[in-house]
Every structure is written in structure tokens, then in C-alpha cells.
Amino acid sequence: MIEVYPGLFVGNKHDYETIVAGQSGWAIVHACKSYHRKAVGYRIWNVSKHHPEYLIARRENNRLMLSLLDLSVPWFIKKQMIDQTLDFIDEMRASGLQVMIHCVAGRSRSASITLLYLATRLNVLPTDSFETAEEQFRQLYPLYRPSGGIREHLRRHWQQYCADGRRIQPD
């Protein structure tokens with residue numbers, strides 16, 4: 001687990017389960033489908049698109065579980081899921097909690113969401129191009145190795161995320 005900005009951490013499933021789980025003062029983004037599946041209670045591929053927690057489940061007010069797979073294609077990544085995740089991180093930080101974003105390996109999904117947050121909400125990474133932000137993020141988080149799917153999603157929507165983020169004032 002690495003603190004990439006004061007109070008903002010990126011890690012993997014092991015970091016969450018051995019360091020953060022059950023500790024007070026933390027908010028968690030579970031950027032992996034296994035936690036979403038367990039929270040919502042489905043066993044097959046996915047819960048119905050009509051289910052209110054189809055993309056995101058929130059528990060204990062400080063835990064967010066995403067229905068997010070680490071695939072080589074961006075087809076299943078929905079911008080509204082990422083937008084709600086960035087809003088959740090803002091909300092948790094404003095309430096004084098430390099925030100951990102984790103996925104299974106801590107290299108792709110959690111790191112990509114953190115990169116996006118640092119650029120669009122905290123303005124600590126450049127927003128002129130996704131590639132420039134990525135390059136600088138690797139200095140903060142050398143473990144960053146995004147899958148083709150999440151990387152392509154961010155690349156395709158980079159300008160829109162950046163424009164959306166400018167409307168929100170960082171703390």
C-alpha cells in the first residue's frame with residue numbers, strides 16, 4: 001500500500017485485508033468485482049441491470065464496491081460508475097477519513113482510478129493529456145500497470161473527465 005497523496009492510498013486486496021479492514025478512520029473503494037458480488041449477493045456473471053446496485057454497492061457508509069472487471073477491452077466500464085467513485089472519494093476525504101482504493105493486485109483498476117482522481121479532483125497531475133498524467137503518476141506509484149480495458153476507457157474519456165473535474169473545487 002502506497003500513500004500517493006496525504007490520506008489517499010492505493011493498494012491490493014492483501015493490503016486491505018491485513019492492514020485496513022476493521023480499522024476506524026478509513027474509507028474503502030473496492031475496485032474489484034468479488035467484493036461487489038459478496039455485498040449484493042449474486043453468484044452468476046452479474047446482477048440484473050435493473051438492480052439498484054448493478055454497478056455500485058455502498059455499505060457501512062464508508063465502503064464502496066464496484067462491479068469492475070480487469071479486462072483487455074473497455075466495454076464493461078461505465079463512466080457513471082467512475083464518476084460516482086470520484087464523488088465518493090471527495091465525500092470521504094471531506095469527512096476526514098483516509099481513503100484506500102484497492103483492487104486484487106493494486107496495479108490496474110485501483111491505480112487508474114487514483115490517477116484520475118489526482119488529475120481531475122486534486123489537480124496534482126497534468127490534465128493536458130492522459131499520457132502525460134500517466135507518466136507523472138508512475139513516479140508516484142511505480143506499480144501502475146493498467147489493463148487495456150481501463151487504460152483505453154480513461155484515454156477515450158480523458159478530456160470529459162478533466163472538464164467534469166474542473167467544476168468541482170478541491171479542498
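Two strands count as paired if DSSP finds at least two bridges between them. With that in hand, welcome to this predicted model, where six strands form an open sheet in the order β1-β2-β6-β3-β5-β4, with mixed pairing. The protein has 171 residues, of which 51% count as buried. Its secondary structure comes to six helices and six strands.

**Overall layout**

- Reading from the N terminus, the elements follow the pattern β-β-α-β-α-β-β-α-β-α-α-α.
- Among contacts with a separation of 6 or more, 68% are between residues 24 or more positions apart.
- The protein exposes about 8,400 Å², and carbon and sulfur atoms supply 49% of that area.

**The sheet, from the β1 edge inward**

- The edge strands are β1 and β4, each of which pairs on one side only.
- From one strand to the next, the twist averages 20°.
- Strand β1 (residues 2–5) runs antiparallel to β2, and three bridges join them. In this pair, I2 stands opposite V10 of β2.
- The two strands β1 and β2 make a hairpin with two residues between them, and G7 in the turn has a positive phi of about 80°.
- On to β2 itself: four of its five residues are buried, so this strand is largely enclosed by the rest of the structure.
- β2 and β6 run parallel and are joined by five bridges. L8 has V99 as its bridge partner in β6.
- β3 and β6 also run parallel, joined by five bridges. Here A27 stands opposite V99 of β6.
- Helix α1 (residues 13–20) packs on the sheet, where it touches β2, β3, β5 and β6. The direction of α1 makes about 140° with that of β6.

**The sheet, towards the β4 edge**

- β3 and β5 run parallel, with three bridges joining them. H30 has M65 in β5 as its bridge partner.
- Strand β4 (residues 56–59) runs antiparallel to β5, and four bridges join the two. R59 stands opposite R63 of β5 in this pairing.
- The hairpin of β4 and β5 has three residues between the strands, and E60 takes a positive phi near 50°.
- In a regular strand, side chains alternate between the two faces of the sheet. In β5, R63 and M65 point one way while L64 and L66 point the other way, and all are buried.

**The nonpolar cores**

- The largest nonpolar core holds 40 residues, and those touching the most other members are L8, L66, I89, I113, L115, F137 and W158.
- Strands that give two or more residues to this core include β2 (8–12), β3 (26–30), β5 (63–66) and β6 (98–103). Helices that do so include α3 (79–94), α4 (109–120), α5 (130–140) and α6 (148–166).
- Helix α4 supplies the largest share of this core, seven residues.
- A second, separate core has 11 residues, including I28, A57, M65 and M100.
- L8 is a good place to start looking around. Leaving out residues up to four places away in sequence, L8 touches I2, E3, I89, V99, I101, T114, Y117, L118 and L122.
- V99 thus appears twice for L8, as a residue that L8 touches and as its bridge partner in β6.
- M65 is likewise worth a second look: M65 belongs to the second core and is the bridge partner of H30.

**A closer look at S112**

- S112 sits in helix α4, the helix with the largest share of the 40-residue core.
- Buried means under 20% relative accessible area. S112 has 1% relative accessibility and therefore counts as buried.
- A polar atom of the S112 side chain lies 2.7 Å from the backbone oxygen of S108.
- Setting aside neighbours within four places in sequence, S112 is in contact with Y144, P146, I150 and L154.
- Two of these contacts, I150 and L154, lie within the span of α6 (148–166).

How values were computed:
Residues are numbered from 1 along each chain as its sequence is written. This is a predicted model: local features need pLDDT of at least 70, side-chain atom pairs count only at pLDDT 80 or more; totals for chains, interfaces and linings use all residues. Side-chain values use heavy atoms; hydrogens and water are left out. A nonpolar core is a set of buried Ala, Val, Leu, Ile, Met, Phe, Trp, Tyr and Cys residues joined through side-chain atoms within 4.5 Å. Buried means under 20% relative accessible area, exposed over 50%, partly exposed in between (1.4 Å probe, protein chains only). Contact means heavy atoms within 4.5 Å. Accessible areas come from the Shrake-Rupley method with a 1.4 Å probe; for residues, only the protein chains shown count as cover. Axes are lines fitted to C-alpha atoms, for helices over the stretch in contact, and angles run from 0 to 180 degrees between N-to-C directions. A polar contact is a pair of N or O atoms within 3.5 Å; within protein, one must be able to donate a hydrogen and the other to accept it, and residues adjacent in sequence count only if both atoms are side-chain atoms.
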